[in-house]
Structure formats: structure tokens, C-alpha cells
Amino acid sequence: MAEPPANLKEATRSGPGRLLIAVYGIFVIAATARSAVQIATHFGKAPLAYLLSAVAAVIYVVALVCLVKGTKASRRIAMISCAVELAGVLVVGTVSLFAPQLFPDATVWSFYGRGYGFVPVVLPVLGLWWIRATAKHEAAV
Amino acid sequence: MVDALATVLTYASLAVALWGVVLVVINRRFALNRPYGLALAGAVLLLELGLLVQMVAGLINVFSTDRTVATGTFIGYLVGPVLIVPLAAVWAAAERSRWGSAVLVIGCLTVPVLILRLRQIWDGHG
């Protein structure tokens, strides 16, 4: 079956990491396309929500690229973007719950990512866990 | 929007996903050098061809209809699965454990969701 990963890059990208990166890829496509359409066609309707969606898209792109690269430095950036992502989904989720008038249209992070099966709130936690779980390979290289 | 094709694609992607689930459960990777993996790759290819046909048909429909459809969003949901399925397949095939099969499952499960949204947008509830 699967042999143990040989280096940090492989350790980051293989096993559960491969699935994690795949889900990040789907969210990059979803968030980027969604905010691009919203900003291009009806930006005036809910500028704050659409800008937040664009910010979410950028953070997903950074996390994806850094996880795929799998170097020591890129993993640190991925860790930061996961932390920002978690803070973002918690803050936007809470604000959308208590002050819905601020968000006339939904963002990826509204109601803790309810529109996306709550994956947005689980994904950064899994990302942080995975970077931690594979950290032992950092010393090996 | 071609209703019959959308229905066929929904069930086809669920079937490919189920195939992937079986591979995960019996601890097999998405191996292209094995008959079961090669057959699965063929199924993914057929699914992709169907999605391409849906994209072309959908583009023709959305530009020829008299109804008000959110065109940009509709095109996004037409193109999304066409990109996601092959990317998931390539990313899945590079993995040497059952997690590769899991990638294929997730990739295929996005298709019914996107098709559902496509229908809603076409019906004007987008």
C-alpha cells in the first residue's frame, strides 16, 4: 500500500493532505467565480458582502498555492491564511447572524458558511491540524 | 438547459462517486495501471464529455432564450463542473493511497450540486 512520504513537500501533499488540497481547489473555483460575477454585474447591491467574498477567494488561493508548494516557508504562510480564514468565517458568521442588514446578499462566510454545507468553518481547522500533523517532516529536511 | 441530460449527468456523477467510495472502503487507490482504475477513468472521461455537451447546449440556450436568466452566474455553473472533474481526476491519480479515490469522490459529488443550482438559476430562483 502507501509507502511513508519521503520529504516535506510529499508529506504535505499526500494522504489526507491530498483531499484537503482538493477541497481548497474547489473553494478557490467557487469563491473566485462567485465574487467575480457579483463584482462585475451588480457590485452596488451589496459592496461589503462582495468585497468580503473576494477577500475570501484570495485567502483560499494563497492557502491552496502554499499547501501545494509544501515548503517550510509556504507552509507557514498557509498556516497564517488558515488562521485568518478561521477568524474571518467566525467574525462574518457571527455578524451575519446578529446584524443581517449589513449583508443584503450572502458571502461564502455568511452564517459560518451554511450555504456551503459549513465546509468554510471546518476547512481552516483541518488545514491547521494537517500542517501541525506533518510538522515532524520539517526537521527531516 | 437540457433537462434530460442534466438528470443523466446527475446520476452518472453519483455512480462514479459511488465507485470511488467502494475503492476508498476496500483501500484501493485510483490506479490507472489496474483494470478497475482504468475503467473508472473511462467513466470519468464519459462524464466529462457529457458535461462538455451540457456546457455547449447551455451556452446556446442562455444566449437564445427570451427569459431573464442571470447569464454570468449561469455560465459559471456550466463551466464549473467541466473544470472540476478533470482536475480532481488528475489530482486523484497522483496519490498512492486511498485518499486519491476520496478526491475523485469529492470532485464528482460537486457535479449534482452545481447542476441543481444550474436548474434553479434557469428557473429564475437563482
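Which side chain meets A:Glu10 in a salt bridge? I looked this up first. The partner is B:Arg96, at 2.6 Å from N to O. I keep in mind that this is a predicted model.

**Entry: the A:Glu10 pair.** I placed both ends. A:Glu10 sits in helix α1 (residues 8-13) of chain A, and B:Arg96 sits in the loop between α3 and α4 of chain B, so the pair joins two chains. I then checked exposure. A:Glu10 is partly exposed, at 25% relative accessible area. B:Arg96 also comes out as partly exposed, at 39%.

**Entry: the interface.** I counted contacts next. On the chain B side 15 residues are in contact, and on the chain A side 16. The two chains bury about 1,500 Å² between them. Carbon and sulfur atoms carry 72% of that area. In chain B, the residues that lose the most area to chain A are B:Trp91, B:Arg96 and B:Trp99. Together they make up 43% of what that side buries.

I searched for charged pairs across the interface and got two salt bridges. One is the A:Glu10 to B:Arg96 pair noted above. I also found B:Glu95 with A:Arg18, where the closest N and O atoms are 2.7 Å apart. For polar contacts, I noted four residue pairs across the interface. Helices α3 (71-93) and α4 (99-122) of chain B each give two or more residues to the side that touches chain A. By type, the residues of that side are eight nonpolar, five polar and two charged.

**Entry: salt bridges within chains.** I widened the search to the whole structure and got five salt bridges over all chains. Within chain A, I found A:Asp105 with A:Lys45, with closest N and O atoms 3.7 Å apart. A:Asp105 is in the loop between α4 (72-98) and α5 (119-133), and A:Lys45 is in the loop between α2 (16-42) and α3 (47-69), so the pair ties together parts 60 residues apart in sequence. A:Lys45 is exposed, at 52%.

Within chain B, I found B:Arg119 with B:Asp3, at 2.6 Å between the closest N and O atoms. B:Arg119 is in helix α4 and B:Asp3 in helix α1 (residues 3-25), so this pair links parts 116 residues apart in sequence. Both ends are partly exposed: B:Arg119 at 23% and B:Asp3 at 49%.

**Entry: record check on chain A.** I read the unreviewed UniProt entry. It lists "transmembrane region" for residues 19-37, 49-68, 77-99 and 111-131 of chain A. I compared two of these spans with the model. Residues 49-68 are 100% helix, with end C-alpha atoms 29 Å apart. Residues 111-131 are 62% helix and 0% strand, with end C-alpha atoms 26 Å apart.

How values were computed. Residues are numbered from 1 along each chain as its sequence is written. Chains are lettered from A and ligands numbered from 1 in the order in which they are written. This is a predicted model: local features need pLDDT of at least 70, side-chain atom pairs count only at pLDDT 80 or more; totals for chains, interfaces and linings use all residues. Side-chain values use heavy atoms; hydrogens and water are left out. Contact means heavy atoms within 4.5 Å. Buried area is the accessible area (1.4 Å probe) that two parts lose on being put together, summed over both. A salt bridge is a side-chain nitrogen of Lys or Arg within 4 Å of a carboxyl oxygen of Asp or Glu. A polar contact is a pair of N or O atoms within 3.5 Å; within protein, one must be able to donate a hydrogen and the other to accept it, and residues adjacent in sequence count only if both atoms are side-chain atoms. Helices (H or I, at least four residues) and strands (E, at least two) are DSSP runs, numbered from the N terminus. Ala, Val, Leu, Ile, Met, Phe, Trp, Tyr, Cys and Pro count as nonpolar, Asp, Glu, Lys and Arg as charged, and the others, Gly among them, as polar. UniProt positions are given in the numbering used here, feature names are shortened, and annotations may be inferred rather than shown by experiment. Buried means under 20% relative accessible area, exposed over 50%, partly exposed in between (1.4 Å probe, protein chains only).
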